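Subject: The structure we talked about

Hi there,

Here is the structure I promised to pass on. Have a look at it first, and then read on for my notes.

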Amino acid sequence: MMIGVVRRLVSQAFRQRLRPRPQAIQRRSASQAVNQMLQLQQMDMCADPPSRGLVVGVFADETDRNDAGVLTAAGWRYNVQKTAGRLLEVLRMSGPMPKRGEARLFFAIEPERIPYYSVVAVVGLGKECLGYNPYEVLDEQKEAIRRSVAAACRILAELDTDRIEVENCGHAESAAEGAALGIWLYQELRNPQNRIPVPSLDLYARKDEVCDLEGWRIGLQKAAAQNLTRQLQEMPSNLLTPTAFAQNVVEVLCKSGVNVEVKVEGWAESQSMHAFLAVGKASCEPPIFLELSYYGTCAEERPIVLVGQGVTYDAGGLCLKEKPELFHMRGDMTGAAVVVACCRAVAGLRLPVNIRGLIPLCENVVGCNSVRTGDMVKSMNGKTIEIQCTDHEDVLVLADALLYAQNFCPKCIIDVGTCSGYMRQALDESAAGVFTNSEILWQQIKHASMHTGDRVWRFPLWKYYSKAVRAGGRSDVQNYGIDRGGRPCKAAAFLREFVPCGQWMQFVAHLFFAIEPERIPYYSVVAVVGLGKECLGYNPYEVLDEQKEAIRRSVAAACRILAELDTDRIEVENCGHAESTAEGAALGIWFYQELRNPQNRIPVPSLDLYARKDEVCDLEGWRIGLQKAAAQNLTRQLQEMPSNLLTPTAFAQNVVKVEGWAECQSMHAFLAVGKASCEPPIFLELSYYGTCAEDRPIVLVGQGVTYDAGGLCLKKKHELFHMRGDMTGAAVVVACCRAVAGLRLPVNIRGLIPLCENVVGCNSVRTGDMVKSMNGKTIEIQCTDHEDLLVLADALLYAQNFCPKCIIDVGTCSGYMRQALDESAAGVFTNSEILWQQIKHASMHTGDRVWRFPLWKYYSKAVRAGGRSDVQNYGIDRGGRPCKAAAFLCEFVPCGQWMHIDATNVMVTKGFEYEYLRRGMAGRPTRTLVEFIAQTICKDTAPRLAK
């Protein structure tokens with residue numbers, strides 16, 4: 001348990017008081033308090049609070065409670081020269097070494113009657129070998145220094161310490177950042193007499209040693225910049241109006257050598273910034289546009305332009321926000337605060353670069369002049385914007401600023417805003433979302449975040465989202481777009497409309513009837529499909545082979561129209577790639593009609609590859625394409641079947657693993673989900689041997705909840721209809737196995753499918769219940785509607801029995817995946833860079849794309865936070881649901897390569913984006929998984945485990 005310590009001296013007694021703190025020190029042993037008491041009783045000291053504190057570090061293995069620990073070089077010198085070895089001795093007697101983010105205090109450790117440092121804090125730095133962790137995208141050594149030093153300085157500040165000296169702990173810049181960020185608090189509006197004194201900070205160093213003063217100075221500058229941002233964010237909106245914000249900026253930046261121009265409403269009107277001006281119409285505060293200039297090199301050098309969203313208060317306009325959301329809306333000017341602080345830091349560090357900062361300032365409140373839903377406004381470039389929701393004003397404010405930024409011929413434009421609350425649902429607070437059209441900028445910001453510990457994560461900026469914000473026929477763009485999903489990506493796609501963009505492509509099918517000169521033509525109808533430019537190929541920004549996707553979409557559109565004309569047989573030419581042609585044709589003509597009267601069923605035409613007798617055609621590619629399409633159509637068929645017909649028993653038919661077997665395997669997590677159902681749970685095991693039996697298999701695990709009502713945490717009415725598709729993972733695995741067998745791929749496959757229903761009944765599992773998984777881990781069920789994880793957990797553990805090359809599970813574990821990506825791509829979480837590159841490459845060929853999400857320790861901590869159990873199926877806080885679900889599953893993969901595919905958002909398609917998929921169940925990502933398995937055969941990079 002993380003605790004804070006307050007120590008007081010009264011007469012000659014020693015008392016200790018603990019109170020809960022989010023980051024503090026660990027007191028694991030009573031010997032520490034006893035040891036301190038004995039030392040202090042030998043000294044006749046006054047009860048004044050410590051006036052000078054010291055922070056030193058210790059390296060230790062956190063997993064080994066018996067690790068004796070190694071002090072840093074500066075800590076060791078202080079231990080030997082000032083305490084005669086007493087510091088390390090007492091530290092080891094006080095219990096296990098402090099972990100990263102923890103500090104342990106020692107009072108009057110020096111032998112002098114009046115010690116120079118009245119309190120010494122020893123902070124845990126983890127192992128000495130810590131460095132860059134590619135899976136966490138983090139320099140763990142630097143982050144350990146920041147967190148530990150911050151924890152120590154915060155505790156010392158609470159003890160009214162006047163001055164804190166911090167040793168560099170191996171990296172002076174990180175130590176300075178942690179110290180300065182840790183002691184900061186907002187108290188500008190408190191009575192000066194009641195303000196908590198903030199100690200001064202210094203770098204600890206002996207006179208005879210070389211210290212990194214420059215690194216310490218840089219760290220303090222960066223921390224001061226972040227603290228300035230926090231100060232502006234914390235200021236109440238009645239004090240920090242647009243006018244007051246501008247005054248503060250002038251006061252802060254003019255002292256730093258940054259030029260500030262304050263442009264008023266009339267200037268914005270002259271620039272035709274109607275989108276920006278529309279947002280602030282209802283406010284009594286006039287809108288203001290700030291332009292910041294810093295010249296660190298010659299004036300002719302092209303600048304970096306920073307654009308910061310400056311909505312000083314966002315009530316949502318007529319689309320008023322809910323009460324809980326309003327409190328933090330004073331922080332909707334975070335982008336503006338970041339730009340101001342960044343400019344001051346760049347000036348303070350005297351970086352040789354030119355910076356131009358653009359900050360549009362206004363308020364979005366309710367009034368008689370409020371902009372209304374359905375209103376149209378024009379931006380600077382003349383594009384008409386339809387305002388579908390007044391609460392999405394952020395993109396309107398930024399749009400005109402991005403257009404104005406083009407006037408400076410910038411090296412690059414970087415805008416910072418708070419454009420979508422759904423970003424919290426996607427990532428929680430572990431990282432900021434990044435959207436960019438430049439791989440260079442992404443690599444640079446990723447590298448920077450790795451060093452600072454303030455991480456970022458890239459989201460897609462695909463044409464899919466651009467189409468969604470252009471879909472309205474009344475205007476050029478809409479500030480919300482069609483459908484609710486993928487809000488962060490659609491907001492970025494909207495902003496991209498106001499930054500010069502590149503390539504564009506359109507698909508159209510034209511029909512010509514009876515084109516042949518014969519009286520009775522062989523082909524009664526010919527469809528000519530558009531394929532775009534001949535030079536189309538792989539587009540790295542779209543992560544897509546545009547030629548193959550153009551073929552699929554165009555052929556599918558043509559075949560669907562021909563099928564509606566009661567065409568008996570359709571011959572399709574290969575269009576340059578027979579496999580993609582076959583996929584598009586077979587997917588395009590399929591639809592679910594198994595339960596219709598046979599007399600009323602719509603006839604489905606047969607498909608053939610068109611070729612002349614004297615020409616060579618790619619029959620093998622055509623056959624492979626038909627196999628992959630048949631696999632996806634099988635998935636769609638299983639998804640579309642109503643849950644009263646597709647029960648677990650009906651799904652399995654020839655059952656090989658029944659409920660009793662699952663009990664013998666101790667699959668209590670899986671069995672708990674189906675307790676309330678009349679249908680017994682079933683565990684299906686599929687085996688395909690395409691090579692020698694000794695070869696290690698690829699294990700596919702498919703979530704098989706044939707109907708998910710949510711259990712006692714009953715789903716909402718509108719969510720229930722599609723819950724027959726909660727067995728998407730199982731359907732994908734079945735179809736994938738059939739395709740692999742049909743293609744006769746030389747690989748061994750093991751498919752594991754736990755089947756059950758999650759319904760309401762007297763035996764329903766309850767919130768707060770505890771169940772044990774196969775490996776003995778206790779799971780606390782916080783929400784019965786997150787049963788997907790319980791079903792998959794035991795199956796993942798069982799998969800270890802086959803010594804697999806890799807484990808891939810497919811499930812529908814979080815509805816928030818739709819909020820993050822809409823239906824553009826399935827989410828992927830993996831502990832293997834090899835698997836990610838292979839699935840990404842496969843999806844590029846199939847057009848059924850995937851996007852990677854983080855699998856960081858941040859999320860693992862969230863699902864382990866409950867003290868009553870080992871893990872929880874929901875975790876703390878509501879944000880980052882998809883990532884927490886993956887972190888939960890990772891707890892049940894003890895070793896080896898593993899990948900989790902969350903197909904929640906691609907389970908259903910609206911039918912407008914993919915011409916080869918009708919509205920309904922989509923059958924994704926079946927083809928991508930088949931292609932992935934085929935590619936692993938060509939290049940088997942899975943590591944060999946020692947037997």
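How many bridges join strand β3 to strand β9, and do the two run parallel or antiparallel? There are four bridges, and the strands, β3 at residues 52-59 and β9 at residues 163-166, run parallel. Please keep in mind throughout that this is a predicted model.

**Domains**

The domain assignment splits the protein into domain 1 (47-221), domain 2 (235-508), domain 3 (538-617) and domain 4 (650-937). Between domain 1 and domain 2, the contact takes 13 residues from each. Their C-alpha centres lie 39 Å apart.

There is also a UniProt annotation, from an unreviewed entry, that reads "domain: Peptidase M17 leucyl aminopeptidase N-terminal" and covers residues 55-191 and 523-597. In the model, residues 55-191 are 36% helix and 19% strand, with the end C-alpha atoms 31 Å apart. Residues 523-597 are 41% helix and 17% strand, and here the end C-alpha atoms are 31 Å apart.

**Strands β3, β9 and β10, and a tryptophan**

Back to β9. In its pairing with β3, G53 stands opposite I164 of β9. Strand β9 also pairs with β10 (residues 200-203), again through four bridges and in the parallel sense. Here E165 has D202 of β10 as its bridge partner.

D202 turns up again around W216, a residue of helix α6 (residues 213-234). Leaving aside neighbours within four places in sequence, W216 is in contact with V166, A172, E173, A175, A176, L201, D202 and L203. Is W216 buried or exposed? Its relative accessible area is 6%, so W216 counts as buried, the cut-off being under 20%. If you want a sense of distance, the C-alpha atom of W216 is separated by 51 Å from that of R372, which is 156 residues away along the chain.

**Strands β11, β12 and β15**

Next, have a look at β12 (residues 288-295). Seven of its eight residues are buried, so this strand is mostly covered, with buried meaning under 20% relative accessible area. Strand β12 has pairings with β11 and with β15:

- With β11 (residues 259-263), β12 pairs in the antiparallel sense over five bridges, and N259 stands opposite S293 of β12.
- With β15 (residues 354-364), β12 runs antiparallel and is joined by eight bridges, where L292 has G357 of β15 as its bridge partner.

As a reminder, strands of a sheet pair through backbone hydrogen bonds, either parallel or antiparallel.

**A three-stranded sheet**

There is also an open sheet of three strands, in the order β16-β17-β21, with mixed pairing. Which strands stand at the edges? They are β16 (376-378) and β21 (477-478); each has a single partner strand, so one side of each is left without a neighbour in the sheet. Strands β16 and β17 (residues 384-386) pair in the antiparallel sense over three bridges, and M376 has E386 of β17 as its bridge partner.

**Aromatic rings and charges**

The structure holds 21 aromatic pairs. One of them is F494 with F498: the ring centres are 5.1 Å apart and the planes stand at 50 degrees, so the pair is tilted. Both F494 and F498 are buried. Another is F888 with F892, where the centres are 5.1 Å apart and the planes at 50 degrees, so this pair is tilted too. F888 is buried at 0% relative accessibility, and F892 is buried with a relative accessible area of 0%.

Ring pairs also link W267, F276, F289, Y404 and F408 into a cluster.

Two charged side chains are worth a look here. F498 has the charged end of K383 over its ring, 6.0 Å from the ring centre. The ring of W856 has the charged end of R455 over it, 3.7 Å from the centre.

**Where to click**

If you have just a few minutes, you could begin with W216 and the residues in contact with it, including L201 and L203. After that, go to β12 and its antiparallel pairing with β15, and finish with the tilted pair of F494 and F498.

Happy to go through any of this with you.

Best wishes

How values were computed:
Residues are numbered from 1 along each chain as its sequence is written. This is a predicted model: local features need pLDDT of at least 70, side-chain atom pairs count only at pLDDT 80 or more; totals for chains, interfaces and linings use all residues. Side-chain values use heavy atoms; hydrogens and water are left out. Two strands pair if DSSP finds at least two bridges between them. Buried means under 20% relative accessible area, exposed over 50%, partly exposed in between (1.4 Å probe, protein chains only). Contact means heavy atoms within 4.5 Å. UniProt positions are given in the numbering used here, feature names are shortened, and annotations may be inferred rather than shown by experiment. Rings of Phe, Tyr and Trp (its six-membered ring) pair if their centres lie within 6.5 Å; planes under 30 degrees apart count as stacked, over 60 as edge-to-face and the rest as tilted. A charge sits over a ring if NZ of Lys or CZ of Arg is within 6 Å of the ring centre and within 35 degrees of the ring normal. Domain bounds come from an automatic or database domain assignment.
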